[in-house]
Amino acid sequence: MRLILIRHGETQSNVDHLLDTAHPGAPLSARGLEQAHDLAEAVAHEHIDALFVSTLTRAQQTAVPLAERRGLEATVVEGIHEIPAGVEEMNPDWTAYVAMLESWSLDNLDAKLEDSESAREFMDRFDGAIAQIEALGHRSVAVVSHGAALRVWALSKDPSAASRVTVPLRNTEWIILNGSSADGWSIEQWGKHDLTAETATG
């Protein structure tokens, strides 16, 4: 399956650098709404059989123009929401949150911030959601989710890409993976960077 993982558009919390991870979350800003409309054009070259969104408001709003352009229904899926910040929620200082995410590894699956979730818990629910989407049998799907969740999940599936991913995933940028839960995933594109081309020339 071809999996197009899209980060939502801009919110005021993004502008203010606040850790806004709880439900329902901030809506899109005026710029975020513009980004959502631009996204529908930006992915015009991609075949998309189905569109899925997280339970957070900003992801659902981001998907509206794309759904309308493609004549698709944006299906809300449990499990693809953001990694919760717990006690760090709405903190403008992301140090503790980022440090925890960066500490996650096969040897450190159960560490977590207070009132948040561990790597094991996050991977179980995100894996489960992707497996649920796969079971529908589509060839190519788009999933509108969140920056930290997409980064952690995608790089856990293709760790070899980590050395080539040197920039953050900006609002309404996307990651493309090919493969399956059974056979594994490979990252083809990260934002504007074609990782397959970089591998071939590297």
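This is a short talk on the helices, the empty spaces and two single residues of one protein model. Keep in mind that the model is predicted.

Let's start with helix 3. Helix 3 runs over residues 57-70, so to speak its address, and has 14 residues. From its first C-alpha to its last, helix 3 reaches 20 Å. That is close to the 20 Å expected at 1.5 Å a residue.

Now look along helix 3. Where is the kink? A kink of about 35 degrees lies at Val-64. Shortly after that comes the proline, Pro-65. At the other end of the story is Gly-71, which follows helix 3. The phi of Gly-71 is positive, near 65 degrees.

Which residues of helix 3 are buried? They are Arg-58, Ala-59, Thr-62, Ala-63, Pro-65, Leu-66 and Ala-67. So Pro-65 turns up twice: in the note on the kink and in the buried set. What covers these buried residues? The cover includes strand 1 (2-7), strand 2 (50-53), strand 3 (74-76) and strand 4 (140-145). Helix 2 (30-42) is part of the cover too.

Stay in helix 3 for one more residue, Gln-60. Is Gln-60 buried, exposed or in between? Gln-60 counts as partly exposed, because its relative accessible area is 30%, and that class lies between 20% and 50%. Leaving out residues up to four places away in sequence, Gln-60 touches Val-53, Ser-54, Thr-55 and Val-76. Here is a distance to find on screen. Gln-60 and Pro-27 are 33 residues apart in sequence. In space, their C-alphas are 9.3 Å apart.Next, helix 6, residues 147-157. Helix 6 is mostly covered, with eight of its 11 residues buried. Those residues are Gly-147, Ala-148, Ala-149, Leu-150, Val-152, Trp-153, Ala-154 and Leu-155. Among the elements that cover them are helix 4, helix 5, strand 5 (174-180) and strand 6 (184-190). Strand 1 and strand 4 belong to that cover as well.

Helix 6 brings us to the largest pocket. How much space lies in the largest pocket? About 1,100 Å³. The pocket is lined by 35 residues. Closest to its centre are Leu-101, Gly-147, Ala-148, Arg-151 and Val-152. Which helix gives the most to the lining? Helix 6 does, with six residues. Helix 1 (12-15), helix 4 and helix 5 each supply at least two. By type, the lining divides into 18 nonpolar, 10 polar and seven charged residues.

Now the cavity. A search of the whole structure finds one cavity of 30 Å³ or more. Its volume is about 40 Å³. The cavity lining holds Ile-83, Pro-84, Tyr-97, Met-100, Leu-101, Trp-104, Leu-113, Ser-116 and Glu-117. Seven of these lining residues are nonpolar, one is polar and one is charged. Notice Leu-101: it lines the cavity, and it is listed among the residues closest to the pocket centre.

Last stop, Ser-118. Where is Ser-118? Look in the loop between helix 4 (95-103) and helix 5 (119-134). Why does Ser-118 count as buried? Its relative accessibility is 4%, and buried means under 20%. Leaving out residues up to four places away in sequence, Ser-118 touches Trp-104, Leu-109, Asp-110, Ala-111 and Lys-112. Trp-104 also lines the cavity.

Conventions
Residues numbered from 1 in each chain as written. Predicted model: local features only at pLDDT ≥ 70, side-chain atom pairs only at ≥ 80, totals over all residues. Heavy atoms only, no water. 1 Å grid on protein atoms, 1.4 Å probe; cavity = no way out; pocket = protein on both sides within 12 Å on 5 of 7 lines; lining within 4 Å. Points joined across faces, edges and corners; volume = space filled by probe spheres on them. Nonpolar A, V, L, I, M, F, W, Y, C, P; charged D, E, K, R; others polar. Helix = DSSP H or I, 4+ residues; strand = E, 2+ residues; numbered from the N terminus. Expected span 1.5 Å × (residues − 1). Bend = angle between axes of the 7 residues up to and from the residue. Buried < 20%, exposed > 50% of the residue type's maximum accessible area, 1.4 Å probe, protein only. Contact = heavy atoms within 4.5 Å.
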